[in-house]
Amino acid sequence: MLARQSVTQNLARFVVETKWEDIPERARHEAKRALLNFFAVAIAGCRTEPVELALRTLAEFSGGKQAAIIGRSERIDALGAAFLNAAGANVFDYCDTHLPTVVHPTAPLAPALLSLAELRRVTGPDLLLAFVLGFEIECRVGGAVSPGHYPKGWHITSTCGVFGAAAGAAKLLGLNESQVVWSLGNASTQSAGLCECLGWPAKSVSVGNAARNGLFSALLAEKGFSGPAEPIAGAQGFLAAMGEPPNWAALTEGLGESWEVNDNSLKPYPAGFVIHPLLDCALDWRRQHPGAVVERVAVRGNPLLLQRTDRPEVATGRESQVSLQHAVAAALVLGKAGLDQFTDACVDDPAIKDMRRRIEVASDPAISTIAVEMDFWTKDGKKHSVSTQAARGSSANPLKDSEIEQKLSDEARSWRPTHDIKPLIDAVWALDKSGDVSNLAAMTVPR
């Protein structure tokens with residue numbers, strides 16, 4: 001790949017020069033929606049085994065109690081909190097998805113900013129601005145290596161999320177253009193994450209590191225820790241190392257005019273987003289035919305659906321979150337698709353095991369990642385054909401604000417029924433009027 005000059009510099013200049021007044025109202029609102037959703041999924045994941053084990057490990061080396069761990073009474077150093085909150089937010093695959101890239105943008109980004117907000121005074125507009133800019137950078141870098149990056153095995157949330165965390169933290173720190181370039185350089189050399197780890201606790205390592213290392217990258221740059229002039233598009237920079245012909249237009253075309261946060265999708269189900277249109281169809285059909293006995297199911301979807309989730313044999317709840325066969329089977333047998341349907345116990349259910357074997361799959365590149373076609377054959381010999389063009393929660397069929405609030409309320413009550421999360425909901429909606437957000441993460445902790 002031929003190197004290109006000034007790509008990173010142009011992105012850094014955009015981060016430095018963009019002001020709160022430059023962010024359109026829709027992008028501001030989408031940022032708040034993403035943060036509400038983040039708190040919901042981080043609370044859902046905050047007491048899972050990967051978070052428990054990581055906290056126990058990191059606490060041995062943490063000398064401070066600078067920052068909150070979402071949903072928990074413990075506090076830890078800011079870098080450790082960024083790691084744990086990112087890992088917890090992504091552990092259930094319940095976090096948001098930027099559909100053009102399949103990056104989960106908020107999980108690595110928000111924890112870095114929230115940790116920093118407990119170290120430095122940060123206003124609500126400051127936080128939202130840094131969030132929108134970090135979101136923009138990670139998704140544009142993701143767009144530059146898509147669509148080939150993810151199918152090759154790179155976990156794009158981690159590899160590109162570190163750029164967003166670095167850019168957002170750099171904005172909160174008020175770094176100059178050169179320092180932002182250094183932040184992105186520090187981030188680029190820490191970009192890592194493999195799809196082979198999906199379905200295992202090991203996945204949480206790279207997502208947690210994306211948040212921690214992004215924040216670390218900006219803090220280093222603030223102290224003068226320098227890096228190359230072109231870490232993204234240099235001859236041996238990030239894009240060259242990834243070995244994917246870059247989509248150069250994705251990096252800078254329309255920068256400051258269109259906003260990637262407006263193409264965000266929020267999940268109603270705790271599974272890979274490419275599975276969501278299947279769940280919409282299966283659950284709707286089951287509600288309409290509660291007594292029908294399904295003998296065979298045929299699924300036709302985007303090639304990415306098969307690449308990532310064609311897993312008829314799964315052994316754990318974690319694996320089941322990226323198994324289209326398990327998701328459809330559980331939806332048909334139980335009529336539900338919540339956290340309880342993606343557990344070890346549900347995976348071992350004999351009826352669901354049997355249904356998984358009845359599902360066949362085929363790919364069709366003409367079908368988008370948020371669409372699917374399904375046929376159900378029932379015991380009475382009838383064939384039922386269903387389809388959807390836009391999964392619930394996608395930017396084309398978005399969740400209502402009230403549905404996001406309900407998701408957060410439900411997850412808060414799942415750990416403690418008396419937990420009143422309404423003050424946090426009100427605080428997020430009022431962020432553009434807030435003078436200090438240092439207690440935002442602490443508001444997730446049950447009192």
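Below, a colleague quizzes a modeller about the labels used for this predicted model.

Colleague: Let's start with Ser 438. Why is Ser 438 called partly exposed?
Modeller: Its relative accessibility is 27%. Buried needs under 20% and exposed needs over 50%, so at 27% Ser 438 lands in between and counts as partly exposed.

Colleague: Where is Ser 438 found, and what does it touch?
Modeller: Ser 438 sits in the segment after helix H19 (422-429). Leaving aside residues up to four places away in sequence, Ser 438 touches Ala 117 and Glu 118, and contact here means heavy atoms within 4.5 Å.

Colleague: How far apart are Ser 438 and Val 205?
Modeller: They are 233 residues apart in sequence and 26 Å apart in space, C-alpha to C-alpha.

Colleague: On to helices. What makes H4 roughly antiparallel to H5?
Modeller: The axes of helix H4 (residues 78-90) and helix H5 (residues 106-117) cross at roughly 150 degrees. Angles over 145 count as roughly antiparallel, so that is the label H4 and H5 get. Their axes come within 8 Å, and the crossing is right-handed.

Colleague: Which residues make that contact between H4 and H5?
Modeller: On H4, they include Ala 78, Ala 81, Ala 82 and Asn 85. On H5, Ala 107, Pro 108 and Pro 111 are among them.

Colleague: How do you know that the span of H6 is close to the expected one?
Modeller: Helix H6 (residues 124-145) has 22 residues and reaches 32 Å from its first C-alpha to its last. The expected span at 1.5 Å a residue is 32 Å, so the two agree closely.

Colleague: And what makes H6 mostly covered?
Modeller: Of its 22 residues, 21 are buried, meaning under 20% relative accessible area.

Colleague: Now the sheet. What is the strand order, and what makes S6 and S8 the edge strands?
Modeller: It's an open sheet of four strands in the order S6-S5-S7-S8. Strand S6 (359-363) and strand S8 (383-388) each pair on one side only, and that is what puts them at the edges. Neighbouring strands are turned by 15 degrees against each other on average, direction ignored.

Colleague: Why is the pairing called mixed?
Modeller: S5 and S6 run parallel, joined by five bridges, but S5 and S7 run antiparallel, joined by six. S7 and S8 also pair in the antiparallel sense, over six bridges. With parallel and antiparallel pairs in one sheet, the pairing is mixed.

Colleague: How do you know that S5 and S7 count as paired?
Modeller: Pairing takes at least two bridges, and S5 (residues 294-301) and S7 (residues 372-378) have six. Val 297 stands opposite Phe 376, and Ala 298 stands opposite Asp 375. Val 299 has Met 374 as its bridge partner in S7 and Val 361 as its bridge partner in S6.

Colleague: Why is S7 described as largely enclosed?
Modeller: Five of its seven residues are buried, so the rest of the structure largely encloses S7.

Colleague: What lies between S7 and S8?
Modeller: The two strands form a hairpin with four residues between them. In the turn, Gly 381 has a positive phi of about 90 degrees. Trp 377 has Lys 383 as its bridge partner in S8.

Terms used
Residues are numbered from 1 along each chain as its sequence is written. This is a predicted model: local features need pLDDT of at least 70, side-chain atom pairs count only at pLDDT 80 or more; totals for chains, interfaces and linings use all residues. Side-chain values use heavy atoms; hydrogens and water are left out. Buried means under 20% relative accessible area, exposed over 50%, partly exposed in between (1.4 Å probe, protein chains only). Axes are lines fitted to C-alpha atoms, for helices over the stretch in contact, and angles run from 0 to 180 degrees between N-to-C directions. Angles under 35 degrees count as roughly parallel, over 145 as roughly antiparallel, 65 to 115 as roughly perpendicular and the rest as oblique. A crossing is left-handed if the near helix is turned anticlockwise from the far one by less than a right angle, and right-handed if clockwise.
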